[in-house]
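This report describes the architecture of one chain of a structural model and its relation to a second chain. The sequence and coordinates are displayed first, and the description follows.

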Amino acid sequence: MFRRVRSLGQAISQAWRSSNKIAYLLVLPFVVYFIVFYAYPALFAGYLSFHEWKVISPDKPYIGTQNYAYLLTDTTFQRSVVNTLYFLILFLPSVVIVPLSIAVMLNQRLRFQAFFRAAYFLPIVTFDVVVALVWAWMFADQGGLLNYSLSLVGLPPVRWLSSERLAMPAITVTTVWRWIGYFTLIFLAGLQTIPRTVYEAAMIDGAAPVQAFFKITLPLLNPVIMLAVVVATINGLQLFTEPYLMTGGGPNFRTLSVVYFIYQQGFRYHRMGYAAAAGIVLFILMLVMILVERKTMERRFEY
Amino acid sequence: MKRNMNLIVVLVMGLSLILSACGPKAAPVTIEYWVINNDPDEKLANQYAVDFMADHPNITVKVSRMGENAEETIAAAVAAGTAPDVVQMSPLDALAYSKEGALVALDSFSDFKAAMQAAHKPADLVQAYQVESHNYLIPWRGSPILLFYNKALFEQAGVEPPKSRDDFVAVSKAIKEKTGAFALGTEGGGLQPEGWHRMFDYLELYDNTPNKGQFLNQDGTKAIFNNAEGVKTLQVFADIHQAGAAPTSAVSEDLFSAGKAAMTFAGSWKYSVMADVGILKPEDVGVVLIPTPDGTTPSYTFGDPRDLAIFSQSKHPNEAWEFITFMLEDKSSLALMETTGQLPVRDDLTSNATFKAYFDEHPEMTIFADSIAYTIPMDMSEHIWEVLGFFSAAFQKACLGDATAQQALDEAAAQVNDILGP
């Protein structure tokens, strides 16, 4: 046993001697950043979720799994989970289909291609608060751009943000618009890795453009689509800014997301242990969804 | 011998004096004062700091402006152990901090009572602020919320400012019908469900019911806002919204200051907001008391208080207290009015000679000063923000016509009772 430990120590020291120490130095800033801002808070949140902590109190009594048990019966939390999943159901297909369609168009030989690429990317570099406020004005019940447009063609106004049925779809439209540029760029990069020769061979064999899209583009783009779905899932489950600014979580809690719930519990009501437990549940939900997505979507195609 | 002794005593005393003069001075102390996120408050705080430091050369006052979400900023600072010495805080937030021992019991200072009397703090308010028989908060600044109205829109609609609840609904409908403008443009922008919005619409009318603005029973264990008084008050706002006289979704502009809404519930700070927007002048608007159920006085209202506290984390509580007592002095109260256009909470505003010139120059402030005595504190409950959250969702639901006022409030009351526990 002692010999094994010594040999392990020797192995580490040998590895250290033979390694590129400059490389360790270069990754050090990120490692420190990761530990301070990600790893430690995540571990602390896990610890807090088993404690009652009012943020402003120095005491953090251990309460076992009480926070988790209370979450199971908290109808507001349940509503926030349902809302977030509903948002994700609307959001995921939208941020794949719309940006992919745009990317396919931008991948053609177009005049002003550079302009269009920049224009589509613009929303993602626009501050999310500004985006939410502008869309809130467009969706406003009275004086909003959409209802004004409807009135011009003689249609009655629609309660976009104050209807329990339409508020979340309206928020989804805003969020999709903000993310279009980002996902378009990812898909565009993916499209440009597909060799033209594959399309040329298909054309010679008599394949129509639609067939080429479904038989060549989509399968070869699978890893990129999966990346987009995973990124969209992570971001979608963290929905906060849009409901916070556009609807305040209403009407009737219909746009209260899980992250908004966590924010309210932690910072408004000072129940940080409870908020941490909700955060852990969200993390598990995210992990499960990503694993399921990988399991169901991961395919390897080669031509 | 006696002469020698006298000489020795004189020498010793002289030496002592010289030594004490050359000896170490009191160590310089720095205290931090955090103010809420607006320009006039920051300007006033800096002015206070300069004036205070001139009289107290050993104490440095460092002023910091909190971000948009002051409550979150304070909570994070307390958790991190970096809380300031003195902070501006609302009584709703102070309650939880007091109970957790995060604030200094200010009545532990020997001159607390004298300071309250000298600053003319209303005795009943000081009493109402007590938590477990101690005062953790000094009533400092108030902005009684009154009803602002746009004179031109009222004239166009041919209506007079409302005195009763029924008048308020009738006037609102008439304004919408005859001018096309919104009758009510509440603070915070439109109909939104965050709890604080209700402090600037529902609460003012609710303060004038037998419930006296309380959402919970006296011991804070049960919701009472769904009783007949709460329902009648909510019905007023449901009628106004359903008549199209108030926006039913979030609005990003200040409708009243933009001249697009005829009324709003606001404090005297509204004048500076109007000046910023630049459309309405003070003479274009009128201010009246909050409509009461039958149109009679007295009319009560929400005081929108912003008070002062010292954190237990403070290393210099005595200096912090000294700074607070400075902020309560007459000349500091006058500076508060002149710089922020708001009022110190005092019961001598219209009788104290120090303030006479100010009120002569600003006659529009007299109605606010007179209303200080008619402000009602909100429920002293640790759960008040959650309560307001559930209540506010019900308010929105009833105003949108998605439920009756009674149904919406009953549902919210059940949710509130659930969190208050058995």
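In this predicted model, M89(B) has D307(B) of strand β9(B) as the residue opposite. The pairing to which this position belongs joins β3 (residues 86-89) of chain B to β9 (residues 306-310) of chain B in the antiparallel sense, through four bridges. Both strands belong to an open sheet of six strands in chain B, whose order is β2-β1-β3-β9-β4-β10 and whose pairing is mixed. Because β2 (59-65) and β10 (343-344) of chain B each have a single partner strand, they form the edges, and one side of each is left without a neighbour in the sheet. Helix α2 (residues 39-55) of chain B lies across β1 (29-35) and β2 of chain B, and runs at about 175 degrees to β2(B).

A further open sheet of chain B has four strands in the order β6-β7-β5-β8, again with mixed pairing. Its edge strands, β6 (182-184) and β8 (285-288) of chain B, each pair on one side only. From one strand to the next, the twist averages 20 degrees. Within the sheet, β5(B) and β7(B) are antiparallel and share four bridges. Here F148(B) stands opposite T264(B) in β7(B).

The two antiparallel pairings described above are set out below.

| Strand pair | Bridges | Opposed residues |
|---|---|---|
| β3(B) and β9(B) | four bridges | M89(B) and D307(B) |
| β5(B) and β7(B) | four bridges | F148(B) and T264(B) |

Helix α11 (residues 270-277) of chain B has K270(B), Y271(B) and M274(B) as its buried residues. These lie on the same side of α11(B), because they cover an arc of only 100 degrees around the axis. An α-helix has 3.6 residues a turn, so residues three or four places apart point the same way. The elements that cover the buried residues of α11(B) include β5 (146-150) and β7 (261-266) of chain B. After α11(B) comes G278(B), which has a positive phi near 80 degrees.

At the level of the whole chain, the secondary structure of chain B amounts to 17 helices and 10 strands. Its C-alpha atoms fill a box of roughly 105 × 55 × 35 Å along the principal axes. Chain B has 422 residues, of which 48% count as buried. Where contacts in chain B join residues at least 6 apart in sequence, 75% of them link residues at least 24 apart.

Chain B is divided into domain 1 (29-143 + 304-374) and domain 2 (146-302 + 383-420). Their C-alpha centres are 28 Å apart. The contact between them draws on 13 residues from domain 1 of chain B and 15 residues from domain 2 of chain B. On the domain 1 side of this contact, helix α15 (residues 366-371) of chain B gives the most, with three residues.

The largest nonpolar core has 185 residues, among which A278(A) and A183(B) touch the most other members. Helix α8 (residues 167-191) of chain A gives the most to this core, namely 12 residues. Domain 1 and domain 2 of chain B both give residues to the core, so it lies between them. Beyond its neighbours within four places in sequence, A183(B) has contacts that include V171(B), I175(B), I240(B), A261(B) and M263(B).

Another site that brings together separated parts of the sequence is V345(B). This residue is placed in the loop between β10 and α14 (353-361) of chain B. V345(B) counts as buried because it has 26 C-beta neighbours inside 10 Å, the threshold for this class being 20 or more. Its C-alpha atom is separated by 5.6 Å from that of G142(B), although the two residues are 203 residues apart along the chain. Leaving aside neighbours within four places in sequence, the contacts of V345(B) include K121(B), L125(B), W140(B), G142(B), P305(B) and I372(B).

Which elements of chain B each supply at least two residues of the side that touches chain A? They are α3 (70-80), α4 (91-99) and α16 (384-399) of chain B. Of these, α16(B) gives the most to that side, with five residues. In total, 25 residues of chain B are in contact with 26 residues of chain A.

Terms used. Residues numbered from 1 in each chain as written. Chains lettered and ligands numbered in written order. Predicted model: local features only at pLDDT ≥ 70, side-chain atom pairs only at ≥ 80, totals over all residues. Pairing = 2+ DSSP bridges. Contact = placed C-beta atoms within 7 Å. Axes fitted to C-alpha atoms, helices over the stretch in contact; angles between N-to-C directions. Core = buried A, V, L, I, M, F, W, Y, C linked by C-beta atoms within 7 Å. Buried ≥ 20, exposed ≤ 12 C-beta atoms within 10 Å, placed from the backbone. Domains from an automatic or database assignment. Arc of directions from axis to C-beta.
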